[in-house]
Amino acid sequence: MTKIWVDADACPVAIKEILFRAAERTHTEMTLVANQPLRVPPSRFIRSMQVTAGFDVADNEIVKRCAAGDLVITSDIPLASEVIDKGADALNPRGERYTKANIRARLNMRDFMDTMRASGLHTGGPPPLGQQERKAFADQLDRWLAAARRKR
């Protein structure tokens, strides 16, 4: 049975709410992984896992536990790359699907931006999550859930 894993430390509240409703509606097991306590609604399908604080501890736990066919929600591109290598799917909170076809380009762009920031260039962060991004996320999630249902 496929599961959803959420890199919850940086996942926006609006996206978590979409995920909570979808997991309950489709009876899909979902685990939110974070290095701080999380509040999740009472549900037999939704749980949280607190890991110790530290660099990439939550990411490493997700990589260890996810399996081929699972879905990982993350904006962390290196984490997305690792779970894709394991055969899982990855989706960012803005509705962008990471795939074998696009993950290398995303990693290269991330590394380039890191180099620019290290040289002192202020690159700014992503724009606030808007209604369009929430809809894109919900649409991609629904597509993944429908495909997972067909595979069962």
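Student: How many salt bridges does this structure have, and what makes a pair count as one?

Tutor: The count comes to 7 salt bridges, where a salt bridge is a side-chain nitrogen of Lys or Arg within 4 Å of a carboxyl oxygen of Asp or Glu. The model is a predicted one, in which local features need pLDDT of at least 70 and side-chain atom pairs count only at pLDDT 80 or more, while totals for chains, interfaces and linings use all residues. Residues are numbered from 1 along each chain as its sequence is written, and side-chain values use heavy atoms, with hydrogens and water left out.

Student: Why is the pair Lys 64 and Glu 61 called a salt bridge?

Tutor: The closest N and O atoms of Lys 64 and Glu 61 are 3.6 Å apart, and because the limit is 4 Å, the pair qualifies. Glu 61 also forms a salt bridge with Arg 65, with the closest N and O atoms 2.4 Å apart, and Glu 61, Lys 64 and Arg 65 are thus linked in a network of salt bridges.

Student: What makes the spacing of these residues along helix 2 suitable for a comparison with a helical turn?

Tutor: Lys 64 and Glu 61 are 3 residues apart in helix 2, which separates them by about one helical turn, and Glu 61 and Arg 65, 4 residues apart in helix 2, are likewise about one turn of the helix apart. An α-helix has 3.6 residues a turn, so residues three or four places apart point the same way. Helices here are DSSP runs (H or I, at least four residues), numbered from the N terminus, and helix 2 covers residues 57-65.

Student: How do you know whether Glu 61, Lys 64 and Arg 65 are buried or exposed?

Tutor: Buried means under 20% relative accessible area, exposed over 50%, and partly exposed in between (1.4 Å probe, protein chains only). Glu 61, with 15%, is therefore buried, whereas Lys 64, with 57%, is exposed, and Arg 65, with 40%, is partly exposed.

Student: Why is the pair Cys 11 and Cys 66 not called a disulfide?

Tutor: A disulfide is a pair of cysteine sulfur atoms within 2.5 Å, and the structure holds 0 disulfides. The cysteine sulfur nearest to that of Cys 11 belongs to Cys 66 and is 16 Å away, so Cys 11 is in no disulfide. Cys 66 is in no disulfide either. Both are buried, Cys 11 at 7% relative accessibility and Cys 66 at 3%.

Terms used:
Helices (H or I, at least four residues) and strands (E, at least two) are DSSP runs, numbered from the N terminus.
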